[in-house]
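Trainee: I am new to this structure and would be grateful for a close look at one part of it, the nonpolar core. Please then place that part within the chain and its surface.

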Amino acid sequence: MPVVSECAIAECAYNSNKSCHAIAITIGDGNRPMCDTFFKSSRHGELNSIAGVGACKVFICRHNNNLECSMESIRVGSEQDHGKCMTFVAA
């Protein structure tokens, strides 16, 4: 499972010090590489997990292989106040 090597969304409940601590995240809604696991909260999740990419629903990404990410790691950044997979490359 690819890891989330960096997350720039400080206001996400799973983010602590630019690291995602969800067990696994889901990327995409079919066409957009947004982090579907993102949600704003002043509380943060457990700090002992390093997030992996559990599923990728962005069919048009070059790294999507049967709904799973084929990269070793991804970066999540910000777009319009939401998390976005910055490793996305259109096929």
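Mentor: The account below begins with the chain, turns to the core and ends at the surface.

The model is predicted, so local features need pLDDT of at least 70 and side-chain atom pairs count only at pLDDT 80 or more, while totals for chains, interfaces and linings use all residues. Residues are numbered from 1 along each chain as its sequence is written, and side-chain values use heavy atoms, with hydrogens and water left out.

The protein chain contains 9 strands and 0 helices; strands are DSSP runs of E of at least two residues, helices are runs of H or I of at least four, and both are numbered from the N terminus. For its 91 residues, a compact globule would have a radius of gyration near 12 Å, and the chain agrees with 12 Å. That radius is taken over C-alpha atoms, and the globule rule is 2.2 Å times the number of residues to the power 0.38. Of the 91 residues, 41% count as buried, where buried means under 20% relative accessible area, exposed over 50% and partly exposed in between, with a 1.4 Å probe and protein chains only.

The largest nonpolar core has 19 residues, and those touching the most other members are Val-4, Cys-20, Ile-25, Ile-27, Val-53, Ile-74 and Val-76. Two or more residues of this core come from each of β1 (3-7), β4 (24-27), β5 and β8. Such a core is a set of buried Ala, Val, Leu, Ile, Met, Phe, Trp, Tyr and Cys residues joined through side-chain atoms within 4.5 Å. In soluble globular proteins, nonpolar side chains tend to be buried together.

Ile-74 deserves a closer look. Apart from neighbours within four places in sequence, Ile-74 is in contact with several residues, including Val-4, Ile-25, Ile-27, Val-53, Cys-69 and Cys-85; contact means heavy atoms within 4.5 Å. Among contacts in the chain between residues at least 6 apart in sequence, 68% join residues at least 24 apart.

Two loop residues belong to the surface. Asn-17, in the loop between β2 (15-16) and β3 (19-20), has a positive phi of about 55° although it is not a glycine, and counts as exposed at 73% relative accessibility. Gln-80 lies in the loop between β8 (73-79) and β9 (82-85); this non-glycine residue has a positive phi of about 50° and is exposed, with a relative accessible area of 71%.
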